[in-house]
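Good morning, colleagues. Please keep the sequence and the structure in view while I take you through a few of the elements.

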Amino acid sequence: MPPRLNTRLTTASRPKEEYNKFQGRRILVDLAAVNDQSGRFEGTDWLESKINAKQSIGFHLIWTLDRSQGENHPVAMVCFADNNTVLLLRTHRTENWLPPIVIRVLQTQSCTKVTIDWEKHSKGKMDNTFHWQPLGMEDLADVSRKKGVNGIGLKQLARALEVNIKKDASVERSDWTVDNITEDQLEYAAEEVYFTYVLHDRLLAMVDIELENPHMEDGLLAMAPGWEDQGIRRRHDGLHCDVCCVGPMSDPKNVPEHLKAKKHIRNIKVLLGITGGEDDNTPLEIADDWVMNGIEVPEKNNHKYEFICKHCDTLLQMGNVKAHIASKRHKRLVDGLIDDPSQEHNPLSRFKEQLLVRIWNLPDYVKVLEPSSLICEICPVTADSVQQMLNHLAGNNHRKKCFAHKPTPQPELIFVKERDRLEDLLSGAPIIRTGHQAPKKKREPALSTAAKTATTAATTATTATAATPT
């Protein structure tokens, strides 16, 4: 019997598949080698340029895959990209520490971070590793749905847009905490974040699909403006409220009615970091960005108004706070422009002048980010003005972080309006930054001899008049 012929192609005889590749500049940084004081590294200037130009940027997290139920590997690499540059930051030895510029990029709303399947995969890892969430996120899955492009995951979406990427599964499953990372791993990480950015550009160039029914999209209830901010998410079977774990909702009236419900409003407060209130007789605790803008709970609260802006002396309902903070008058008051409106169009000069006056009273963990912002490395929270940072440092949220700070708790702070300064809550001592001194008190001008004689005579006459019986 003649031997059977092997009809399978050998590796050598198979046609080699061609893939699209990233061919730009690749920067690899081990954050363990970055100086904690300066926080600068190769790629810092590139990230700063993205913030200043308000440009979008590809963003991706990589970690060693969890193979069993009990495993929870931390993020081992943070990746950024645009058309020409990929920045790979290894975090496998620095735990939850990130340089100030990285925190600033991730918390700058105007610098859009383009990612894919963030809610499904990366959001939990970000929270478990760094204990906070970035702002200004845009998911490729949401953009592709608006453009009518079908594809689950980066590789399928790329194929739908006629881009062929390799995405080797064996590399994805490898150990990302090794000291000597391989070239295959670096190539995988670079192309993962690069093609996320490239596909986003291609999708934005496409026209949005037209919906036959404004309330329906692909046979399901469509999203309306503002719903996503209140926790409404679109899934395969309809709209769900992730805040209240309710859904699916298929009737156009269901969602507006749900958003007005007391349960949803209470849950939204928790989502915004606002806890307490009438239900449990505890004081409201306000989110960091509201605290930085001077939003407080009034001493005499009522059912109509829940908050007050200490800068504008205005009572506010919860739904009006965001619009109030964005108003021109509020921003002018926070930045001190009411007294000096001539500086309104020169924010950099105004920031530097405020910093010069206040720098002595800021704790050492508040760092200055060029050109005109501050960051609290304990929380971490960024502020665009000195007044915003002072509001944050004196807030309850920051106070709790100071108390729980490891390895050494930091002093809890309070802003004393009468003395116009931050002080230690327990000792009452002013906070003095290393290398600075508290400004000296202004002395009263000395009186002349004639003035002293006149003052003494007036005091004697007043005393004599008061002592005369009526």
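Let me begin with helix H3 in this predicted model. Which residues of H3 are buried? They are Trp 118, Ser 122, Lys 125, Met 126, Thr 129 and Phe 130. These residues lie on the same side of H3, because they cover an arc of only 115 degrees around its axis. The general background is that an α-helix has 3.6 residues a turn, so residues three or four places apart point the same way. As for what covers the buried residues of H3, the list includes helix H2 (100-107) and the strands E2 (57-62), E3 (77-81), E5 (113-115) and E6 (137-139).

The length of H3 also deserves attention. The helix comprises residues 118-130, and a straight helix of 13 residues would span 18 Å at 1.5 Å a residue. Between its end C-alpha atoms, however, H3 spans only 15 Å.

After H3 comes His 131, located in the loop between H3 and E6. His 131 is not a glycine, yet its phi is positive, at about 65 degrees. Is His 131 buried or exposed? With a relative accessible area of 52%, His 131 is exposed, the cut-off for that class being over 50%.

I turn next to helix H5, residues 153-160. Its buried residues are Leu 154, Leu 157 and Ala 158. Why do they count as being on the same side of H5? The reason is that they cover an arc of only 105 degrees around the axis. They pack against two helices, H4 (140-147) and H7 (183-204).

Just after H5, we meet Glu 162, with a positive phi of about 65 degrees. Glu 162 is a residue other than glycine, and its place is in the loop between H5 and helix H6 (169-172). The relative accessible area of Glu 162 is 74%, and Glu 162 is therefore exposed.

Let me now move to the loops. Asn 84 is found between E3 and strand E4 (85-90). Its relative accessibility of 53% means that Asn 84 counts as exposed. Which residues does Asn 84 contact, once its neighbours within four places in sequence are left aside? They are Phe 22, Gly 24 and Arg 25. In the same region, Gln 23 and Asn 84 are separated by 61 residues in sequence, while their C-alpha atoms are 7.8 Å apart in space.

Ser 385 is our next loop residue, placed between strand E19 (381-383) and helix H14 (386-393). At 4% relative accessibility, Ser 385 counts as buried, given that the cut-off is under 20%. Its side chain reaches the backbone nitrogen of Gln 388 at 3.2 Å.

On the other side of E19, the loop between strand E18 (373-376) and E19 holds Pro 380. What kind of peptide bond joins Cys 379 and Pro 380? It is a cis peptide bond, with omega at about -25 degrees.

I come now to the strands. Strand E20 (residues 413-416) and strand E21 (residues 421-424) pair over four bridges in the antiparallel sense. Leu 413 has Asp 424 in E21 as its bridge partner. The two strands form a hairpin with four residues between them. In that turn, Asp 420 has a positive phi of about 55 degrees.

A further example is an open sheet of three strands, in the order E14-E15-E16, with antiparallel pairing. Which strands are at its edges? They are E14 (295-296) and E16 (314-316), each of which pairs on one side only. Strand E15, residues 307-309, is joined to E16 by three bridges. Across that pair, Ile 308 stands opposite Leu 315 in E16.

To close, some totals for the chain. There are 16 helices and 21 strands. Of the 470 residues, 40% count as buried. Among contacts with a separation of 6 or more, 53% are between residues 24 or more positions apart. The chain exposes about 28300 Å², with carbon and sulfur atoms supplying 51% of that area.

Definitions and conventions. Residues numbered from 1 in each chain as written. Predicted model: local features only at pLDDT ≥ 70, side-chain atom pairs only at ≥ 80, totals over all residues. Heavy atoms only, no water. Buried < 20%, exposed > 50% of the residue type's maximum accessible area, 1.4 Å probe, protein only. Contact = heavy atoms within 4.5 Å. Areas by Shrake-Rupley, 256 points an atom, 1.4 Å probe, with all protein chains shown as cover. Expected span 1.5 Å × (residues − 1). Arc of directions from axis to C-beta. Polar contact = N/O pair within 3.5 Å; in protein donor to acceptor, adjacent residues only side chain to side chain. Pairing = 2+ DSSP bridges.
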